[in-house]
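Please open the model in a viewer with a cartoon representation and follow the selections below in turn.

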Amino acid sequence: MKFIIVGSGNIAGAYVKALKNVANAELVGIVSRSGKRPEGASDNIEVAPSLESIKTPFDAVIITTPNGLHHLGIVAAARLGKHVICEKPMANNAQEAQVHSP
């Protein structure tokens with residue numbers, strides 16, 4: 001599976017390291033508004049400011065943003081029909097967790 005990590009902080013670096021130890025898992029992109037790469041991410045991995053602007057094909061998204069921003073990455077991934085890995089909480093409330101048609 002090809003993964004995108006949303007976020008570039010310390011938790012993102014832990015997932016970069018973990019993916020390197022999983023057979024058939026490949027990190028292909030990072031979503032980072034600052035353009036920063038998480039620790040351990042190679043220079044050839046695409047970095048983009050939003051999930052929708054990632055050009056590299058991918059299967060799943062790992063959300064590593066601060067808790068209050070989880071819902072933004074989850075909803076964006078759901079709209080793209082991608083699998084999502086996210087530690088709790090999914091959102092701050094039920095309204096944020098709703099996926100509405102654009």
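Begin with the largest pocket of this predicted model, which has a volume of about 390 Å³. Select Val6, Val31, Arg33, Thr65 and Leu69, the residues that lie nearest its centre among the 17 that line it. Coloured by character, the lining divides into eight nonpolar, seven polar and two charged residues. Which helix gives the most to this lining? Helix α2, residues 70-79, does so with three residues.

Next, display the strands. Five of them form an open sheet with parallel pairing, in the order β3-β2-β1-β4-β5. Strands β3 (46-48) and β5 stand at the edges; each has a single partner strand, so one side of each is left without a neighbour in the sheet. From one strand to the next, the twist averages 25°.

Now select residues 2-6 and 26-31, which are strands β1 and β2; five bridges pair them in the parallel sense. Within this pair, Phe3 stands opposite Leu27 of β2. Add residues 10-19 to the selection to show helix α1, which packs on the sheet and touches β1, β2 and β4. The direction of helix α1 makes about 165° with that of β1.

Finally, move to residues 60-63 and 83-86, strands β4 and β5, which run parallel and are joined by four bridges. Here Ile63 stands opposite Cys86 in β5. Trace the chain from β4 through α2 to β5: this β-α-β crossover is right-handed. The tour thereby returns to helix α2, the element that gives the most to the lining of the largest pocket.

Methods
Residues numbered from 1 in each chain as written. Predicted model: local features only at pLDDT ≥ 70, side-chain atom pairs only at ≥ 80, totals over all residues. Heavy atoms only, no water. 1 Å grid on protein atoms, 1.4 Å probe; cavity = no way out; pocket = protein on both sides within 12 Å on 5 of 7 lines; lining within 4 Å. Points joined across faces, edges and corners; volume = space filled by probe spheres on them. Helix = DSSP H or I, 4+ residues; strand = E, 2+ residues; numbered from the N terminus. Nonpolar A, V, L, I, M, F, W, Y, C, P; charged D, E, K, R; others polar. Pairing = 2+ DSSP bridges. Right-handed = clockwise from strand over helix to strand, strands pointing away. Axes fitted to C-alpha atoms, helices over the stretch in contact; angles between N-to-C directions. Contact = heavy atoms within 4.5 Å.
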